[in-house]
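Please look over the model shown here and consider how its rings, its nonpolar residues and its backbone are arranged.

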Amino acid sequence: MESLNFPIREDMVLESNYESSVEDTSVEVSIYVVENGSLNSFLFEYEKNLNENGWTTARDFKPNGLVVEKNNKAVTILAYEQEGKLMVDIIPTPKVEE
């Protein structure tokens, strides 16, 4: 994720990374646990924070998903609850061509 220069909130703790394929491109997916996070409000707050950092919202699937773009980079953010914890996947995404 460091190569992406993507803003990660202080309440997000990295749990793991894994390689995945998106349209024949290998990407590193980062999985975070959000401390004291709420699925219903997390992406709304995170989106506001990202927009303030110059990321624009390309797709809105709240409360479970968001695609943001900046400088020809796109990132998909997926939020979900697992074992009572709020989990967030950060996935570099091939830019969507309209």
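The report below takes up the aromatic pairs, the nonpolar cores, the surroundings of one threonine and a few backbone features of this predicted model.

**Aromatic pairs**

The count of aromatic pairs in the model comes to 3. In one of them, the ring centres of Phe6 and Tyr46 are 6.2 Å apart and the ring planes stand at 80 degrees, so this pair is edge-to-face. The partners belong to distant parts of the chain, since Phe6 sits in the segment before strand 1 (12–22) while Tyr46 is in helix 1 (residues 39–52), 40 residues apart. With a relative accessibility of 8%, Phe6 falls under the 20% cut-off and therefore counts as buried, and Tyr46, whose relative accessible area is 0%, is buried by that criterion as well.

Phe6 also forms an edge-to-face pair with Trp55, for which the distance is 4.8 Å centre to centre and the angle between the planes is 80 degrees. Because Phe6 lies in the segment before strand 1 and Trp55 in the loop between helix 1 and strand 3, this pair ties together parts that are 49 residues apart in sequence. Both Phe6 and Trp55 are buried. Taken with Phe42, the residues Phe6, Tyr46 and Trp55 are linked by ring pairs into a cluster.

**Nonpolar cores**

In soluble globular proteins, nonpolar side chains tend to be buried together. Here, the largest nonpolar core has 18 residues, and the members that touch the most others are Phe6, Ile77 and Ile90. At least two residues of this core come from each of strand 2 (25–34), helix 1, strand 4 (65–70), strand 5 (73–82) and strand 6 (85–93), with helix 1 giving the most, namely 5 residues. A second core of 6 residues is separate from the largest one, and among its members are Val27, Val29, Ile31 and Ile91.

**The surroundings of Thr57**

Which residues are in contact with Thr57, leaving aside its neighbours within four places in sequence? They are Glu47, Asn51, Leu66, Val67 and Val68. Thr57 itself is placed in strand 3 (residues 56–61), and its relative accessibility of 30% lies between the 20% and 50% cut-offs, so Thr57 counts as partly exposed. Two of its contacts involve polar atoms of the side chains: Thr57 and Glu47 are joined by a polar contact of 2.7 Å, and the side chain of Thr57 makes a further polar contact, of 3.4 Å, with that of Asn51. As for Thr93, which is 36 residues away from Thr57 along the chain, the two C-alpha atoms are separated by 13 Å.

**Backbone features**

Most residues other than glycine have a negative phi, and most peptide bonds are trans. The table gives two non-glycine residues with positive phi.

| Residue | Phi | Place | Relative accessible area |
|---|---|---|---|
| Asn36 | near 55 degrees | loop between strand 2 and helix 1 | 84% |
| Asn71 | about 50 degrees | loop between strand 4 and strand 5 | 63% |

Since exposed means over 50% relative accessible area, Asn36 at 84% is exposed, and Asn71 at 63% likewise counts as exposed. A further feature of the backbone is the cis peptide bond that joins Lys62 and Pro63, with omega about 10 degrees; Pro63 is placed in the loop between strand 3 and strand 4.

Note on methods. Residues numbered from 1 in each chain as written. Predicted model: local features only at pLDDT ≥ 70, side-chain atom pairs only at ≥ 80, totals over all residues. Heavy atoms only, no water. Helix = DSSP H or I, 4+ residues; strand = E, 2+ residues; numbered from the N terminus. Buried < 20%, exposed > 50% of the residue type's maximum accessible area, 1.4 Å probe, protein only. Contact = heavy atoms within 4.5 Å. Polar contact = N/O pair within 3.5 Å; in protein donor to acceptor, adjacent residues only side chain to side chain. Phe/Tyr/Trp six-rings, centres within 6.5 Å; stacked < 30°, edge-to-face > 60°. Core = buried A, V, L, I, M, F, W, Y, C linked by side-chain atoms within 4.5 Å.
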